There are 2 protein chains.
Amino acid sequence: MALDPFTGPVPPIAGLGFTGNPLDRADRLRQDPALLAQSAAHPEARLMVLAGLDPPLARDGLDWQPMAEAGAGDELLLLGLDAGAPRFALARPSAPGQRPLDLRKLAGLLSEVEAGIYAQARSMLGWHDRHRHCAVCGAPTRAEKGGYLRRCTSGMCGAEHFPRTDPVTIMLVIDGDRCLLGRKKEFPRRSYSALAGFLEPGETIEDAVRREVMEEAGIRCGQVRYVASQPWPFPSSLMIGCFAEALSDAITIDSSELEDVQWFDLDACEAALAGHGPFVVAPPLAIAHHLLKAWVELRR
Amino acid sequence: MALDPFTGPVPPIAGLGFTGNPLDRADRLRQDPALLAQSAAHPEARLMVLAGLDPPLARDGLDWQPMAEAGAGDELLLLGLDAGAPRFALARPSAPGQRPLDLRKLAGLLSEVEAGIYAQARSMLGWHDRHRHCAVCGAPTRAEKGGYLRRCTSGMCGAEHFPRTDPVTIMLVIDGDRCLLGRKKEFPRRSYSALAGFLEPGETIEDAVRREVMEEAGIRCGQVRYVASQPWPFPSSLMIGCFAEALSDAITIDSSELEDVQWFDLDACEAALAGHGPFVVAPPLAIAHHLLKAWVELRR
């Protein structure tokens, strides 16, 4: 029986990329330099050394190093505790000529747990890399609290800066048994995905969903239902996945954002999820895949 | 009949503070300097001039000024269109001796619509104020795109910086017919509210809720259900309101964060919402008030 996507029970969502981080983030250790030093000296402490924000890879997944790999000048990021064993990370510049790892390859190289830990490391170290200076006064900053604070080194300023996470709304717009999907020029051939955009200061999640859909596709939306969330460490987003109810159906594409936007019916979406539809679905790493799948399951 | 807060229909939430912004944010105008200049010259364009981030007040609410109030060197922020009429904002330093307006006073001085527009202006202008320099290289930045971008003025760097919104999870932890509330030392006397904390890079909303409750109160949580969201412009948060299911009940208080945490039963919460309970509820401006009210309504 078809269920209402705005009131019916949403099927459990499993296997979302970057959500498998099992570490205890151990906030208490960040507060105390002595405890941090003890953690770094712990015999089971290990270090993830990123190269240009790419993960270090061994034959079977993440390549954890002994703490001795860290130099005296390195700012160590405390990731947390893995069953009591401290885990740290730091970033080194890319090797000359190194090309960033393709996102689709990443999915096959790391387990769910590893991808979750890597997401934390990459978001945090990317933030450090872009915040070596104080946005208030321009002076250099330095890391404190295990990497969860950067403080301005100017005695006149001393401003504190905290890690940044950017909320992004991503929404499957639904009109009965059709849903709205769009593609950017840079997407793989025939790929269509849920619309998405950054939430702005002063907005609710629901307002941001309705504004983005109006901007990108000219569709008015009514009800908005939160479905699931996902960290997306490129560079440091929080994807907030929703269903949105369409109140109009004539599409006006914002061609600066999207190359095409179309309504697809339930049969087309079901076939696409099975790999033989009129379009190619976002990979299971992405929340867009799971929004589409959850909607199809609700309607069948 | 008592409904399950994790599967039952959540009663509609109305009157959340700062959610009444009706402006069309008019993203298309930001992209085009000529359109922006036209908007500023529009005969019905108006300007909100904040003093030290406080709202400008007339006898009956926000005091909108003619555009001529802006000086040649002022960076204008485009708020959006009010039925086609452009609305801008800029911030001036506080007057000597000016004390920031008390948040509780604010609620009585602005309508829901005005508070929503002010939230957008305050979040954005606070961000500009703290980002006069490039966090990458330290050089000065300047505003572009109607205030929705700051670009580094160094030809060597030129980094782009975007407005910041910090997701905060705020959760009513539920154990049958009891809920968990805490108080900070600086709260008004007898006030108790829902636990809350910043989401960290690499976390889902659900993970952040469970981590915060464990850190602040030592309670393990299972199911998490999103209820509503709210912009909170002090300085620029997105409050993400949830119910969380308690899986344990012995409280361990993080005394660096909270002065007290207690379980309160349904009767106590209902009485408190009516103004004569054993504790004082957060004001209706705050999402904590509405989480508590929604839960009480679900259980009655």
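**Two chains and their shared contact**

User: Is Thr169(A) buried or exposed?
Analyst: Thr169(A) has a relative accessibility of 0%. The cut-offs are under 20% relative accessible area for buried and over 50% for exposed, with partly exposed in between (1.4 Å probe, protein chains only). Thr169(A) therefore counts as buried.

User: What kind of model is this?
Analyst: Residues are numbered from 1 along each chain as written, chains are lettered from A and ligands numbered from 1 in written order, and side-chain values use heavy atoms, without hydrogens or water. Local features need pLDDT of at least 70, side-chain atom pairs count only at pLDDT 80 or more, and totals for chains, interfaces and linings use all residues, as this is a predicted model.

User: In which strand is Thr169(A)?
Analyst: Helices (H or I, at least four residues) and strands (E, at least two) are DSSP runs, numbered from the N terminus. Thr169(A) belongs to a strand of chain A that covers residues 166-175. That strand is β10.

User: Which residues is Thr169(A) in contact with, leaving aside its neighbours within four places in sequence?
Analyst: Contact here means heavy atoms within 4.5 Å. With those neighbours within four places in sequence set aside, Thr169(A) touches Leu195(A), Ala196(A), Gly197(A), Leu199(A), Ile205(A), Ala208(A), Val209(A), Glu212(A) and Ile240(A).

User: Which residue does a cis peptide bond join to Phe234(B)?
Analyst: Most peptide bonds are trans. In chain B, the bond that follows Phe234(B) is cis, with omega about 5°. It leads into the loop between β13 (221-232) and β14 (237-246) of chain B. The partner of Phe234(B) is Pro235(B).

User: And where in chain A is Pro235(A) found?
Analyst: The peptide bond from Phe234(A) to Pro235(A) is cis, with omega near 5°. Pro235(A) is found in the loop between β13 (221-232) and β14 (237-246) of chain A.

User: Is Ala83(A) buried or exposed?
Analyst: Ala83(A) sits in the loop between β5 (77-82) and β6 (85-92) of chain A. Although it is not a glycine, Ala83(A) has a positive phi of about 50°. Its relative accessibility is 85%, so Ala83(A) counts as exposed.

User: What is the relative accessible area of Lys145(B)?
Analyst: Lys145(B) is not a glycine, yet it has a positive phi of about 50°. Its place is the loop between β7 (141-144) and β8 (149-152) of chain B. Lys145(B) is partly exposed, with a relative accessible area of 37%.

User: How much area is buried between chain B and chain A?
Analyst: The contact takes in 45 residues from chain B and 45 residues from chain A. Buried area is the accessible area (1.4 Å probe) that two parts lose on being put together, summed over both. Carbon and sulfur atoms give 52% of a buried area of about 3700 Å².

User: Which element supplies the largest share of the side of chain B that touches chain A?
Analyst: Six salt bridges (side-chain nitrogen of Lys or Arg within 4 Å of a carboxyl oxygen of Asp or Glu) are counted between the chains; one of them pairs Arg25(B) with Glu200(A) at 2.8 Å, N to O. Elements of chain B that each supply at least two residues include α1 (27-30), α4 (112-129) and α5 (205-217). The largest share, five residues, comes from α5(B).

User: Which residue of chain B has the C-alpha nearest the axis?
Analyst: Chain B can be laid on chain A (least squares on C-alpha atoms of residues with pLDDT of at least 70 in both) by a turn of 180° and a shift of 0.0 Å along the axis, with an RMSD of 0.0 Å. The two copies are therefore related as by a two-fold rotation axis. At 1.9 Å from that axis, the nearest C-alpha in chain B is that of Gly138(B).
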